[in-house]
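Visitor: I'd like to learn how to read a fold like this one. Could you walk me through it?

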Amino acid sequence: YGMTETFGQVATQTPGVAVERKTHPLPGIGLRIEKDGRIAVSGAQVSPGYLGEPDRADPWFVTNDLGEIDEEGALRVLGRADNVIVTGGENVDPERVEAALREHEDVDDACVVGVEDAEWGQIAVGVYEGSAGTEELMGWIRERLPGHMVPKRLRRVPEIPRSGLGKPDRNAVAASGLGWDD
């Protein structure tokens, strides 16, 4: 785990331990979780600020990544704070929903986004690649996630729009006009 502002890697998996998305901080690096769930990083490798702006007074750089630190000090990255969908006052982490959808044997990939809604503010909607039927998948996901996290709508698509890095393009999915209102 790392980013440009931290001069690259700040946490890594323990060699020989295959625990997905669970990393330990490298020597000299501090990690903590803020009250809002965001990951904060400190250490000599953290950039003091951005060009043309005053340096940060606080030695802790608060990221937009959400995470948790377990009793062993391992960091688990949960998603991005700027991707959170607020629907009816409840927070939906799209990465968590996508991970649950991908667990279905007939889903190859998924992307969940927030779409404006007059009643709820936003609703979680998603697209997926694979052979699972939409009704079957909705029933399956209802068994695995809290009710507020279940997408209001799902659409099977031949291909999820991707960014230049090959990741699902949330903006393109949200703007795709896939009949979210029906």
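Guide: We'll go from the whole chain to its sheets, and then to a few single residues. One caution before we start: this is a predicted model.

Visitor: Fine. How many helices and strands does the chain have?

Guide: The chain comes to 3 helices and 13 strands. Its C-alpha trace spans about 50 × 40 × 30 Å along the principal axes.

Visitor: What share of the residues is buried?

Guide: Of the 182 residues in the chain, 36% are buried. Contacts are worth a glance too: among those between residues at least 6 apart in sequence, 50% join residues at least 24 apart.

Visitor: On to sheets. In what order do the strands of the 6-stranded sheet lie?

Guide: A sheet is read by the order of its neighbours. Here the order is 3-4-8-7-6-5, in an open sheet with antiparallel pairing. Strand 3 (11–12) and strand 5 (30–33) are at the edges with a single partner strand each, so one side of each has no neighbour in the sheet.

Visitor: Which way do strand 5 and strand 6 pair, parallel or antiparallel?

Guide: Antiparallel, over 4 bridges. To see the register, look for residues that face each other: Leu31 stands opposite Val41 in strand 6. These two strands form a hairpin with 4 residues between them, and there Gly37 takes a positive phi near 90 degrees.

Visitor: And what is on the other side of Val41, in strand 7?

Guide: Phe61 stands opposite Val41 there. Strand 6 (residues 38–42) pairs with strand 7 (residues 61–69) in the antiparallel sense over 3 bridges, and Ala40 faces Val62 in strand 7.

Visitor: Where do the side chains point along a strand?

Guide: The general idea is that in a regular strand the side chains alternate between the two faces of the sheet. As for burial in this model, strand 6 is mostly covered, with 4 of its 5 residues buried.

Visitor: What is the strand order in the 3-stranded sheet?

Guide: That open sheet runs 11-12-13, and its pairing is mixed. Strand 11 (107–117) and strand 13 stand at its edges; each has a single partner strand, so one side of each lacks a neighbour in the sheet. From one strand to the next, the twist averages 20 degrees.

Visitor: How does "mixed" break down into pairs?

Guide: Take the pairs in turn. Strand 11 and strand 12 are antiparallel over 10 bridges, with Val115 having Ile123 in strand 12 as its bridge partner. Strand 12 (residues 121–130) and strand 13 (residues 153–156) are parallel over 4 bridges, and here Gly126 has Leu154 in strand 13 as its bridge partner. To get from strand 12 to strand 13 the chain passes through helix 2 (residues 134–142), in a right-handed β-α-β crossover.

Visitor: Which strands does helix 1 lie across?

Guide: Helix 1 (residues 94–102) lies across strand 11 and strand 13, running at about 145 degrees to strand 11. Helix 2 also packs on the sheet and touches strand 11, strand 12 and strand 13, with its direction at about 135 degrees to that of strand 13.

Visitor: Now aromatic rings. How many aromatic pairs are there?

Guide: In general, a pair of aromatic rings is described by the distance of the centres and the angle of the planes. In this model the count comes to 0 aromatic pairs. Charges over rings do turn up, though. The charged end of Arg32 sits over the ring of Trp60, 4.3 Å from its centre, and that of Lys152 sits over the ring of Trp120, 4.8 Å from the centre.

Visitor: Let's try single residues. Where is Phe7 found?

Guide: Phe7 is in the loop between strand 1 (2–3) and strand 2 (8–9). Its phi is near 55 degrees, which is a positive value in a residue other than glycine.

Visitor: Why does Phe7 count as exposed?

Guide: Because the cut-off for exposed is over 50% relative accessible area, and Phe7 has 73% relative accessibility.

Visitor: And Ala175: buried or exposed?

Guide: Same test: Ala175 has a relative accessible area of 65%, so it is exposed. Ala175 belongs to the segment after helix 3 (170–174). Sequence and space can be set side by side too: Ala175 and Gly121 are 54 residues apart in sequence and 17 Å apart in space, C-alpha to C-alpha.

Definitions and conventions
Residues numbered from 1 in each chain as written. Predicted model: local features only at pLDDT ≥ 70, side-chain atom pairs only at ≥ 80, totals over all residues. Heavy atoms only, no water. Buried < 20%, exposed > 50% of the residue type's maximum accessible area, 1.4 Å probe, protein only. Pairing = 2+ DSSP bridges. Right-handed = clockwise from strand over helix to strand, strands pointing away. Axes fitted to C-alpha atoms, helices over the stretch in contact; angles between N-to-C directions. Contact = heavy atoms within 4.5 Å. Phe/Tyr/Trp six-rings, centres within 6.5 Å; stacked < 30°, edge-to-face > 60°. Lys NZ or Arg CZ within 6 Å of the ring centre and 35° of its normal.
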